[in-house]
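Biologist: Could you take me through the metal site in this one, slowly and in plain words? I'd like to know what holds it together and what sits around it.

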Amino acid sequence: MGKMPAEVDQYIKAHRSEFESDLFELLKIPSVSADSSCDADTEAAAQWVADQFTELGFATEKIETAGHPIVLARSAYQENSPTVMVYGHYDVQPPDPLDEWTSPPFEPSVRDGNVYARGATDDKGQMLTHIKSAEAWIKTCGKLPLNLIFLVEGEEEVGSENLDKYIAEHPEKIACDCVVISDTSQHGPGQPAITYGLRGIAYYELRLFGPSQDLHSGTFGGAVTNPANALTSMLAKLIDGEGKIQVPDFYESVVPLTTREREGFQALSNEQRFQDLVGVTGTTGESGFSTLERRCARPSFDINGIWSGYQGEGAKTVLPAKAVAKFSFRLVPNQDPEQISRNLKTFFESIVPPGIRMELIDFHGAPGVVVPLDSPYIEASARAIEHGFGTAPVYIREGGSIPIVSTFADKLGVESLLLGWGQNDDNMHSPNEKFNLADFHRGVRTSACLWAEIAGIV
Ligand code: BES
Ligand code: MN
Ligand code: MN
């Protein structure tokens with residue numbers, strides 16, 4: 001177990017504080033991909049990542065796109081060795097609401113062995129583990145035991161559309177034997193996981209326009225269709241009392257879990273721990289499914305933002321002229337986001353009330369994925385995790401989405417190893433995002449070991 005040379009391991013132990021200061025440097029850059037006022041910083045984060053590779057002697061390119069740059073780097077090519085591509089993202093989610101943060105989001109702060117900052121776990125900290133493991137190999141052995149390509153993008157949090165285009169145009173640039181991604185979570189503390197499934201997503205904005213301007217709700221209410229009323233009633237029609245999504249043919253291609261998989265889910269379920277994690281005293285969802293299944297292996301519908309009418313202090317009797325909602329469906333493998341968009345549009349057109357003009361904006365979509373578990377790469381990953389974390393991984397599906405994973409499967413024909421070092425309470429996308437520094441270092445060690453394990457597959 002653990003075929004990595006002792007000096008690599010020693011380097012990793014000896015450089016913990018350097019690795020941490022590098023992480024903190026990257027975390028200080030507010031690379032919020034969704035916010036164009038951060039564009040210079042997003043660019044700076046790309047450059048920071050590119051510089052890491054240049055220092056390792058990798059052939060490094062910063063590829064400009066219609067959006068944020070893609071960083072592509074490759075180690076010196078070694079004949080007869082497998083090629084692994086590491087995918088990660090240097091962009092982060094917006095940090096708001098700012099006043100909920102204990103320490104400012106772009107001033108990394110260490111408390112109780114965790115570093116708190118936007119991007120700590122998603123995905124700067126996790127992504128960096130693979131750069132540092134490569135550094136440990138190169139600085140001690142002079143080379144890696146295999147070929148590595150790093151593909152680090154700046155638009156994961158906004159749907160990866162430009163990376164998708166780049167891959168369609170230049171698949172040869174990233175030809176590889178498998179992909180490694182650390183952008184998921186462990187199942188719990190001390191329970192490292194290999195994630196074998198992710199949900200997909202279909203994201204929309206619905207805008208409803210009523211009267212030509214805001215009206216007095218006494219003079220006009222009851223006669224003029226209120227866009228806010230129309231919006232809530234249209235959104236409510238998207239899901240029934242049993243938690244079933246009402247878009248026509250929505251479940252047509254959804255494949256139920258096998259009995260064996262269901263048992264696996266059962267074994268990992270802990271309803272109380274889950275409720276404590278999110279601070280609720282009850283849960284709801286699609287009837288007939290457990291909480292874990294609902295989160296990871298069933299589709300879902302969520303309103304992500306909704307606004308209309310008066311938001312200020314006190315009461316204002318207004319009939320608003322417009323109403324807007326952002327909402328999304330999480331999808332499971334085999335569901336086609338484009339078909340869902342078409343059916344959703346038809347469905348809304350059939351229920352939009354008179355007196356309302358509707359605009360439906362289709363943001364990013366990505367299919368869900370499952371990866372095969374019976375592969376030598378998965379076995380190599382399990383051995384590396386056992387070495388780096390001191391315990392064997394559990395196998396889970398997760399409910400989040402990494403849009404590009406399905407592209408890797410479809411366009412490159414390679415499987416992705418989803419090896420997450422995060423925790424479910426790391427507050428991804430929320431205030432006080434954190435990453436446990438012990439998990440960070442365990443991730444570096446596991447990664448270093450993984451290169452040896454994959455190189456050793458014959
Ligand atoms: N790292 C997450 C994906 C993730 C979250 C995987 C939780 C497993 C568990 C990723 O950065 C992310 O947030 N993806 C977005 C994709 C969307 C913006 C297209 C997501 O899932 O909302
Ligand atoms: Mn991520
Ligand atoms: Mn994210």
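**The two-metal site**

Modeller: Along the chain, the donors of the manganese ion (ligand 2) are spaced H-x32-D-x60-D. Donors here are N, O and S atoms within 2.8 Å of the metal (3.2 Å for Na, K and Ca), and water is not among the atoms, so sites may look incomplete. Within that pattern, His-89 sits in strand S3 (residues 83-89) and Asp-122 in helix H4 (residues 120-141), so this pair, 33 residues apart, links distant parts of the chain. Helices (H or I, at least four residues) and strands (E, at least two) are DSSP runs, numbered from the N terminus.

Before going on, the ground rules: this is a predicted model, where local features need pLDDT of at least 70 and side-chain atom pairs count only at pLDDT 80 or more, while totals for chains, interfaces and linings use all residues. Residues are numbered from 1 along each chain as its sequence is written, chains are lettered from A and ligands numbered from 1 in the order in which they are written, and side-chain values use heavy atoms, with hydrogens and water left out.

Back to the manganese ion (ligand 2). Its protein donors are His-89 (NE2), Asp-122 (OD), and Asp-183 (OD) listed twice, at 1.9 to 2.3 Å. Angles among the six donor atoms run from 58 to 167°, which makes the arrangement irregular. For six donors, octahedral would need opposite donors over 155 degrees apart and all others between 65 and 115; four count as tetrahedral if all angles lie between 85 and 135 degrees, or as square planar under the rule used for six, and anything else is irregular. Ideal angles are 90 or 180 degrees for six octahedral donors.

Now for the neighbour. Asp-122 bridges the manganese ion (ligand 2) and the manganese ion (ligand 3), which are 3.6 Å apart. The manganese ion (ligand 3) takes its protein donors from Asp-122 (OD), Glu-157 (OE), listed twice, and His-429 (NE2), at 2.1 to 2.5 Å. Those donor residues follow the spacing D-x34-E-x271-H. Asp-122 is in helix H4 and His-429 in the loop between strand S17 (416-420) and strand S18 (434-436), so this pair ties together parts 307 residues apart in sequence. Here too the six donor atoms give an irregular arrangement, because their angles span 55 to 154°.

How covered are these residues? His-89 and Asp-122 are both buried, meaning under 20% relative accessible area, with exposed over 50% and partly exposed in between (1.4 Å probe, protein chains only). For Asp-122 the relative accessible area is 4%, whereas His-429 is partly exposed at 39%.

Then there's ligand 1. It has 16 residues around it, and Glu-156, Asp-183, Arg-330, Ser-401 and His-429 come nearest; a residue counts as near if one of its heavy atoms lies within 4 Å. Two of the residues that coordinate the manganese ion (ligand 3), Glu-157 and His-429, also make polar contacts, that is, pairs of N or O atoms within 3.5 Å (within protein, one must be able to donate a hydrogen and the other to accept it, and residues adjacent in sequence count only if both atoms are side-chain atoms). The side chain of Glu-157 has an N or O atom 3.1 Å from an oxygen atom of ligand 1, and the side chain of His-429 has one 2.8 Å from an oxygen atom of ligand 1. Ser-401 uses a backbone N or O atom, 2.8 Å from a nitrogen atom of ligand 1. Taken alone, ligand 1 exposes 520 Å², and the protein buries 90% of that (Shrake-Rupley method, 1.4 Å probe; for residues, only the protein chains shown count as cover).
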